[in-house]
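User: Please give me a close look at the packed interior of this model, centred on one residue of your choice. Then work outwards to whatever surrounds it, in one connected answer.

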Amino acid sequence: VSQSRYTGPIGLTGYTGYTGTTGYTGYTGPSFANPLAAEVGLGENAGFSFDNSLSAEGKYSGLVIDGTAGATLAFGDICSPSGTSNKWVLADANVITTASGDGRGMLGICVLAANDTQATKMLLYGTVRADTAFPTLTINEQVYLSETAGDVTLTQPTTADAIIRVVGYGTAGTGDNLFFNPSPDWITHT
């Protein structure tokens, strides 16, 4: 006799519960390739503030540009980009051609000493204190590009055909603080 067995009902599966919320993803902010590549706007009564009385030798405050040295450069040397290599070389009031050192073009003050072909940094506009490189400056007196390569002087060059160019003014402090703002104008001594 065969007997069949019945399987009873399986029953219901109970509730597994609800899955909770995972929360919100926070704000990631705007995405920029280079956040400093955008122009900086200054509103009314706003400006850049440069330190007018630098506390020690080897200090500067202002607008700078990175570059490559085309010679051995020391902090405080007056430099210009070479017309042939675009490396920074010592500027000289006696050089009045497009050769290296021509003092008629763009000028900078070395604020990162370097040897030939090394990275350097030039102050293009601002204040700089170079006790070793500068003569004693007088507040508000003109400072000129020197006939000695890389130097500044308190007197106008006197050699025939030398460039006479104001590169800045003595400013507050010890007598070694220079407000560097080279004039775009120059003349030659006759």
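Analyst:
**Inside the core and outwards**

Leaving aside residues up to four places away in sequence, Phe134 touches Gly76, Ile109, Val128, Val152, Asp176 and Leu178; contact here means heavy atoms within 4.5 Å. Before going further: this is a predicted model, where local features need pLDDT of at least 70 and side-chain atom pairs count only at pLDDT 80 or more, while totals for chains, interfaces and linings use all residues. Numbering starts from 1 along each chain as its sequence is written, and side-chain values rest on heavy atoms, with hydrogens and water left out.

Phe134 is also one of the residues with the most contacts inside the largest nonpolar core, a group that includes Ile78, Ile109, Val128, Val167, Leu178 and Phe180 too. That core has 19 residues. By nonpolar core I mean a set of buried Ala, Val, Leu, Ile, Met, Phe, Trp, Tyr and Cys residues joined through side-chain atoms within 4.5 Å. As for exposure, buried is under 20% relative accessible area, exposed is over 50%, and partly exposed is in between, using a 1.4 Å probe and protein chains only. Who supplies the core? Strands β4 (108-112), β5, β6 (142-145) and β10 (177-180) each put in at least two residues; strands are DSSP runs of E, at least two residues long, numbered from the N terminus. Apart from this core sits another one of seven residues, with Leu73, Cys79, Cys110 and Met122 among them.

The two cysteines in that other core invite a check. Cys79 counts as buried, at 0% relative accessibility, and Cys110 is buried as well, also at 0%. Their sulfurs are 5.5 Å apart, and Cys110 holds the closest cysteine sulfur to Cys79, but that is too far for a bond. The whole structure in fact has zero disulfides, a disulfide being a pair of cysteine sulfur atoms within 2.5 Å.

Back towards Phe134, have a look at Ala130, in the loop between β5 and β6. Ala130 is buried, with a relative accessible area of 0%. Setting aside residues up to four places away in sequence, Ala130 touches Glu57, Phe75, Gly76 and Asp176. Gly76 and Asp176 also turn up among the contacts of Phe134. The C-alpha atoms of Ala130 and Val111 are 9.3 Å apart, with their positions 19 residues apart along the chain.

On either side of Ala130 in the numbering, Arg129 and Asp131 join their side chains in a salt bridge, 2.8 Å from N to O; the term covers a side-chain nitrogen of Lys or Arg within 4 Å of a carboxyl oxygen of Asp or Glu. Arg129 is buried at 10% relative accessibility, whereas Asp131 is partly exposed at 28%. The whole structure has three salt bridges. Another pairs Asp102 with Arg104, closest N and O atoms 2.8 Å apart; Asp102 is buried at 12% and Arg104 partly exposed at 25%. Then there's Lys121 with Asp66, at 3.9 Å from N to O. This pair links distant parts of the chain, 55 residues apart, with Lys121 in β5 (119-129) and Asp66 in β1. Lys121 is partly exposed at 25%, while Asp66 is exposed at 58%.

β1 and β5 meet again around Ser61. Ser61 lies in β1 (59-68) and is buried at 15% relative accessibility. Its contacts, beyond four places away in sequence, include Phe50, Leu123, Tyr125 and Gly126. The Ser61 side chain also reaches the backbone nitrogen of Asp51 at 3.0 Å.

Tyr125 brings us to the rings. There are two aromatic pairs, counted for Phe, Tyr and Trp rings (six-membered ring for Trp) with centres within 6.5 Å; planes under 30 degrees apart are stacked, over 60 edge-to-face, and the rest tilted. Tyr125 and Phe179 pair edge-to-face, 5.4 Å between centres and 80 degrees between planes. Tyr125 sits in β5 and Phe179 in β10, so the pair ties together parts 54 residues apart in sequence. Tyr125 is partly exposed at 35%, as is Phe179 at 22%. Ring pairs join Phe50, Tyr125 and Phe179 into a cluster.

Conventions. Helices (H or I, at least four residues) and strands (E, at least two) are DSSP runs, numbered from the N terminus. A polar contact is a pair of N or O atoms within 3.5 Å; within protein, one must be able to donate a hydrogen and the other to accept it, and residues adjacent in sequence count only if both atoms are side-chain atoms.
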